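Work through the exercises below with the structure open. Each task is followed by a solution in steps.

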Amino acid sequence: MTVADQENRPERGAPVARRTMLGMLGAGVAGVAAAPWLQRGWENFLGAASQADPTGLTGVLPNPGGFRYYSVVGSVPRKDERTYRLKVNGLVDRPRTYTLDDLRALPQQRIVRDVQCTDGWRVADTPFEGVPLSDLLDAAGVRPEGKAIHFTCFDGVYTESLTLAQARRPDMLVALKMQDKPVSHEHGGPVRLYAAPMYFYKSAKWLSGITVTDEVIPGYWEEYGYDVDGWLDGADRRGDAQAA
């Protein structure tokens, strides 16, 4: 993410004081030099802090070996079993709204791949588990004019897109678990997209809508210059490889 991206973010919530940020930076340096359990605690702290950080500075704090946290808004509402809904609509014959229990009741698939961000950080061998995106599309009955998928998120801002061919790959998941645990709020839970062969910005967090469209609608990051086709270097673009 560029500085320009951060400057263009919608500003919501209370600003983070410079002293607070310097304190967080110091704690982060201490954390990365300490035991793994301290690093995990630092990662959890970063996840919570990012939810109240409209500056984006938490995204540049050190967290080697772990995930970086980005949100394009100052805060994101939390969803759970009672409040979460996923709508599948657009150019389909059978639009439907899923609850968390509905999604959990569907056949699940597990994929283990490296996660890589355009900023250069990578987390190796990260398991994701959830419903194959193609299963939800098949259940909805995509009409012949459907060519692409537009994803919306319950933060109210973040969007993403895939072509229909990309969305039907076996390594595209509507993920309910990450690292063998329910996807946390900080990681985009309770439900997020996982586009395994692509850079991580394509794996939209806080997923709330899957809309079939007749053309690709560029997502949030694509509006800032990111590639609509965010393939990882060396990715199997034909999708011949099977999910693990």
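The model used here is predicted.

**Exercise 1.** Find which residue in β2 is the bridge partner of V88, and state how β1 and β2 run.

Solution.
- Locate β1 at residues 86-90 and β2 at residues 96-98.
- Look across from V88: its bridge partner in β2 is R96.
- Look across from L86: Y98 of β2 stands opposite.
- Read off the direction: β1 and β2 are antiparallel, joined by 3 bridges.
- Inspect the connection: 5 residues lie between the two strands, which form a hairpin.

**Exercise 2.** Determine in which sense β1 pairs with β10, and over how many bridges.

Solution.
- Locate β10 at residues 207-213.
- Return to V88 and find I210, which stands opposite in β10.
- Count the bridges: β1 and β10 share 4, and the sense is parallel.

**Exercise 3.** Give the order of the strands in the open sheet and name the edge strands.

Solution.
- Extend the pairs into the whole sheet: 5 strands in the order β2-β1-β10-β5-β6.
- Classify the pairing, which is mixed.
- Identify the edges: β2 and β6 (159-163) each pair on one side only.
- Add the twist, which averages 15° from one strand to the next.

**Exercise 4.** State which strands helix α5 touches, and what angle its direction makes with that of β10.

Solution.
- Locate α5 at residues 133-140, where the helix packs on the sheet.
- List the strands touched by α5: β1, β2, β5 (148-153), β6 and β10.
- Compare directions: α5 makes about 60° with β10.

Notes:
Residues numbered from 1 in each chain as written. Predicted model: local features only at pLDDT ≥ 70, side-chain atom pairs only at ≥ 80, totals over all residues. Heavy atoms only, no water. Pairing = 2+ DSSP bridges. Axes fitted to C-alpha atoms, helices over the stretch in contact; angles between N-to-C directions. Contact = heavy atoms within 4.5 Å.
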